[in-house]
Amino acid sequence: MGQGFSLHRVVQFIKRDLVLLRGTFTTGFFVAVILIFLFCLFNMIWDKQLSTDEFHGIFGLIYIPVGLLFTFAMFREYSNPKTNHFYLALPVSIPERLVAKWVMGVGLYTVVFSVLALITASLAMIFGIVLFGAQFHMLSIFSLSYIKVVATYMFLQPVFMVGALTFSKNRMGKTLLILALTVLCFVLFNVALYAMFNRGLGVFSEDGLGSTAFSKAGEDFSWFGKWFYGFIFGPLMLVVAYFKMVEKEV
């Protein structure tokens, strides 16, 4: 294998995974399409329409869980003691493996899922018009809510990459448990920090001063919190995933 980072090897590695996991991806997308179709159709029974916001809500409800399941599938070979030595012997460097997994699990997955979701929702709307007399509404995949859903998944996916690399059994359950405990610790830490710095303002009083202070603090520092926790659950987890790959190869 040549020295340095090679995009050609990254592309070939992605093609290899797509071929080996085509059954998993096909089944997952098929299930997602069915769920999107049914949710969109049921949504039109009540109000006779499928708004863009409703479509994006359905999109996010299925897009994130299916993507996280795909993440565990992509790292299955790392946890299989019968095949991992052949897998780790492939002439691909660790940075190339990491980039390939991230591009496939976030980039390609998002593009394919978005196109399928838009086509499926449009088809469901046609059925809704015929069956329920629903209103026609042009759906759009690009909006602020869509960007928020995709951004949330981009920061969650590296966490599950680390879980897939760390645990050999019950990977999904253990990852969710660790994530839940981590979020709980952050919540308790934030509450304690807020109460400590605002103890003189009557935070827990009944005159409403505490809620006002909390609202103003949220307006002033919410952007900082988003960047801070986004860094922890995003780029930092990619770095952790890199060292987990190094550990597996050693």
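## A friendly note on an all-helix model

Let's start with one residue: Asp 17 is buried, with a relative accessible area of 2%. Asp 17 sits in helix 1 and Lys 101 in helix 6, so this pair ties together parts of the chain that are 84 residues apart in sequence. Keep in mind as you read that this is a predicted model.

1. **The overall picture.** The protein chain contains ten helices and zero strands. If you follow the sequence from start to end, the pattern reads α-α-α-α-α-α-α-α-α-α. The chain has 250 residues, and 37% of them count as buried. Its accessible surface comes to about 14600 Å², with 74% of that belonging to carbon and sulfur atoms. Take the contacts between residues at least 6 apart in sequence: 77% of them join residues at least 24 apart.

2. **Back to Asp 17.** Which side chains does Asp 17 meet in the network of salt bridges? One partner is Lys 101, at 2.7 Å from N to O. The other is Arg 16, where the N to O distance is 2.9 Å. Arg 16, Asp 17 and Lys 101 are thus linked in a network of salt bridges. Try comparing their surroundings: both Asp 17 and Lys 101 are buried, while Arg 16 is partly exposed, with a relative accessible area of 24%. As general background, side chains of opposite charge can pair when their charged atoms come close.

3. **Another salt bridge.** How many salt bridges does a search of the whole structure find? The count is three. Besides the two made by Asp 17, there is one between the side chains of Glu 96 and Arg 9, at 2.7 Å from N to O. Glu 96 belongs to helix 6 and Arg 9 to helix 1 (residues 7-20), so this pair ties together parts that are 87 residues apart in sequence. Is Glu 96 buried or exposed? Glu 96 counts as buried, because its relative accessibility is 0% and the cut-off for buried is under 20%. Arg 9 is buried too, at a relative accessible area of 17%.

4. **Helix 6.** This helix covers residues 94-132, which makes 39 residues. From its first C-alpha to its last, helix 6 reaches 53 Å, close to the 57 Å expected at 1.5 Å a residue. Where is the kink in helix 6 centred? Look at Tyr 109, where helix 6 has a kink of about 35°. Just after the helix, Gly 133 takes a positive phi of about 70°.

5. **Helix 2.** Here is another helix to trace. Helix 2 has 26 residues and spans 38 Å between its first and last C-alpha, close to the 38 Å expected at 1.5 Å a residue. Its buried residues include Phe 25, Gly 28, Phe 29, Ala 32 and Asn 43. What covers the buried residues of helix 2? The cover includes helix 1, helix 3 and helix 6. Just after helix 2, Lys 48 takes a positive phi of about 60°.

6. **The nonpolar core.** The largest nonpolar core has 56 residues. Those with the most contacts inside it are Leu 50, Phe 59, Tyr 63, Phe 75, Tyr 109 and Phe 113. Helix 1, helix 2 (22-47), helix 3 (52-74), helix 6, helix 7 (144-166) and helix 10 (235-249) each supply at least two residues of this core. Phe 75 is a good residue to click on: leaving aside neighbours within four places in sequence, Phe 75 is in contact with Lys 101, Met 161, Ala 164, Leu 165, Arg 171 and Met 245.

7. **Ser 114 and Tyr 146.** Ser 114 is found in helix 6, whereas Tyr 146 lies in helix 7. Ser 114 is buried, with a relative accessible area of 7%, and Tyr 146 counts as buried at 8% relative accessibility. Not counting residues up to four places away in sequence, Ser 114 touches Phe 59, Ile 141 and Tyr 146. With neighbours within four places left aside, the contacts of Tyr 146 are His 56, Phe 59, Thr 110, Ser 114 and Ile 141. Tyr 146 and Phe 59 are 87 residues apart in sequence, and their C-alpha atoms are 8.4 Å apart in space.

Key
Residues numbered from 1 in each chain as written. Predicted model: local features only at pLDDT ≥ 70, side-chain atom pairs only at ≥ 80, totals over all residues. Heavy atoms only, no water. Helix = DSSP H or I, 4+ residues; strand = E, 2+ residues; numbered from the N terminus. Expected span 1.5 Å × (residues − 1). Bend = angle between axes of the 7 residues up to and from the residue. Buried < 20%, exposed > 50% of the residue type's maximum accessible area, 1.4 Å probe, protein only. Contact = heavy atoms within 4.5 Å. Salt bridge = Lys/Arg side-chain N within 4 Å of Asp/Glu carboxyl O. Core = buried A, V, L, I, M, F, W, Y, C linked by side-chain atoms within 4.5 Å. Areas by Shrake-Rupley, 256 points an atom, 1.4 Å probe, with all protein chains shown as cover.
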